[in-house]
2 protein chains.
Amino acid sequence: MVTIKDVARAAGVSVATVSRVHNDSALVTADTRGRVRAVAERLGYSPHAAARSLSTRKTNGIGVLLPDLHGEFYSELIRGIDQRAQRHGFHLLLASSHNEKAAIAAALQSMRGRVDGLIVMSPAPGAHLQVRDMASFPVVLLNSAAVGAEFDALAVANAHGATQMIAHLIGLGHRRIAMIKGPVRNHDAAERLRGYRAALKEAGIGADESLEAQGDFTDASGYAAANELLGRTPRPTAIFAANDAMAIGALSALREAGVRVPQEMAVTGFDDIPMARYMHPPLSTVRVDIAALGERATDRLLEAVASRRKHRKRREVVPVTLVIRESCNSPVRRDAS
Amino acid sequence: MVTIKDVARAAGVSVATVSRVHNDSALVTADTRGRVRAVAERLGYSPHAAARSLSTRKTNGIGVLLPDLHGEFYSELIRGIDQRAQRHGFHLLLASSHNEKAAIAAALQSMRGRVDGLIVMSPAPGAHLQVRDMASFPVVLLNSAAVGAEFDALAVANAHGATQMIAHLIGLGHRRIAMIKGPVRNHDAAERLRGYRAALKEAGIGADESLEAQGDFTDASGYAAANELLGRTPRPTAIFAANDAMAIGALSALREAGVRVPQEMAVTGFDDIPMARYMHPPLSTVRVDIAALGERATDRLLEAVASRRKHRKRREVVPVTLVIRESCNSPVRRDAS
DNA sequence: TTGTATGCGTTATCAT
DNA sequence: ATGATAACGCATACAA
């Protein structure tokens, strides 16, 4: 491997000069600069990142710790983060934890000295405490339950979005609105459920727990939950799934059962992943600008990294918008059939 | 930041001993080991990765350079890579190049000293040469045109897959089979086109360039291309898109145009991204086990990293399989209408 | 403007 | 079994 010494020797200068050339220091004549550049080019030299990090105490890297890498949600999130990071000259270190404590610890370990800050999305409750205690660098939390001056966090307007969607369905005339819930100990899932219940209560429609089916954010669970809900009597006229993947699974189950959407059953999701609009019928959903969420998180983190101590931590909520497509409609009148 | 020195001082031992404890060296008594461990724990110490890399000349990181991060293909690929890497104790460094020479150079620069090897997928021709000349570590190429003893490469059976699919359509009775092509200078796209033409020729069906519409792998381009093909007379009875995203765009265009799939037009794709089976109708496609591709690439790279020089470079082709769903069918007889 | 020398945090070699 | 110390490759304060 060619090091700074090799270049220095070949160019007949000191290592300091080579270093200066590479860091665009003004304290070097155009002449020597050109000479060093040429030699470096010829030798195929480029500085060793680890060594530089050690010396400068900067890595120009940011870590991204995700619970999973499956599906379009994470892909969009990473895209947003990478875009912003790249613009600021930072690179990405990716790790998935599957929400296991040990994996989180391992990731945090290997991040130390490799990144200047970390974006972590870990829906498991308590994970943010573990991260806080272990991380020796700024951290931005995504969709975590963490609140307070100790954390920098970004959250989606989960409850609000759910409420909006349910209100929309109620406006359409629906009364028996079922929900496919997300994972039990997931914060986003809990908030969406809260919004669902609140909207129902607000409209004077009593809660009916038999209309709340359990899911886990996977399409398979949405499929199963929809079949379960089909057995309820009287049957619900609308299904609100806590995320798009489950709504898509439900769509699949309904098609197989010969239940027409939206005529016999309205279906709505949450997230607006790219494929939602390509469903048949196109899926109504609560849009979260996922890439923007990633960008915002990156901005916050970079800000924290740059201003080290004088950075004020806070929780920030990113808005959502209703996207009404064809998967929801007015319910058919029961007495008309 | 708490360093190894702090721990050594607090534990009343030398830094060497602390280092030994952390590296599970046998040359340290259980007693001191326990004491050091306790102190390290109390102080919240964990070794600085950059420093360690500098000393050991190992980073335990692998770089992943992708042309883009958009869509399910890359997300699945990354998932496969991460899974394998994590199992071997390696972490991921992600970068997207958008196929710009400068971006590739920048990524390669920042990888230096941070990774032990690199997986690069850069459909642009010539990119592999640039990578070869700049990289100071083992590289595994994904879907590149590179051949020869100089490169370690993994490729998808593009031409074969395309041929298989076209043969299937011909078997169904289709004769006017259109293709939505991928980006002009993309290697995968070129191979898929080659397979398409070969299958047609093999069946004694002359090539008809008016049935080859240009696309660029995005759903929007598939949408436009399908509309273009709808104008051809006589109209094709089947469309083979060079990837699923374009097939999905085509499906959208056909629905808007009131053309029934598969009755009036068969549609097939390539890749079998997760959402393909959720289309309406479910999309027939050529399945590439994307995650497995990522895993295989990682295995190859890790192998190269481990055995440094004595590693024999070679090109390996991963197989594809036909997945026939409902989006293709026998064509309606022209004379029957 | 350039060179010398020290330190960054860790591992590894050589003593002890 | 443990300690002192020289690398590792680079940046930078200080000298010249």
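This passage looks at the interface of chain B and chain A, then at helix 6 of chain B, then at Ala266(A).

The model is predicted, so local features need pLDDT of at least 70 and side-chain atom pairs count only at pLDDT 80 or more, while totals for chains, interfaces and linings use all residues. Residues are numbered from 1 along each chain as its sequence is written, chains are lettered from A in the order in which they are written, and side-chain values use heavy atoms, with hydrogens and water left out.

The contact (heavy atoms within 4.5 Å) takes 42 residues from chain B and 42 residues from chain A. Between the two chains about 4,100 Å² is buried, with carbon and sulfur atoms giving 54% of that; buried area here is the accessible area (1.4 Å probe) that two parts lose on being put together, summed over both. Arg112(B), Arg114(B) and Tyr278(B) supply 18% of what chain B buries against chain A, more than any other three residues. As for polar pairing, the rule finds 19 residue pairs in polar contact across the interface, both at pLDDT 80 or more. That term means a pair of N or O atoms within 3.5 Å, where, within protein, one must be able to donate a hydrogen and the other to accept it, and residues adjacent in sequence count only if both atoms are side-chain atoms.

Two or more residues each come to the side of chain B that touches chain A from helix 4 (49-56), helix 5 (72-87), strand 2, helix 6 and helix 11 (244-257) of chain B. Helices (H or I, at least four residues) and strands (E, at least two) are DSSP runs, numbered from the N terminus. Helix 5 of chain B gives the largest share, 7 residues.

Helix 6 of chain B (residues 101-111) has Ala103(B), Ile104(B), Ala107(B), Leu108(B) and Met111(B) as its buried residues. Because these cover an arc of only 135° around the axis, they sit on the same side of the helix; the arc is that of the directions from the helix axis to the C-beta atoms. Buried means under 20% relative accessible area, exposed over 50%, and partly exposed in between (1.4 Å probe, protein chains only). The buried residues pack against strand 1 (61-66), strand 2 (91-96), strand 3 (117-120) and helix 7 (127-134) of chain B, whereas the face turned away from them carries the exposed Lys101(B) and Ala102(B). Just after this helix, Gly113(B) takes a positive phi of about 85°.

Over in chain A, Ala266(A) lies in strand 9 (residues 266-268) and is buried, at a relative accessible area of 0%.
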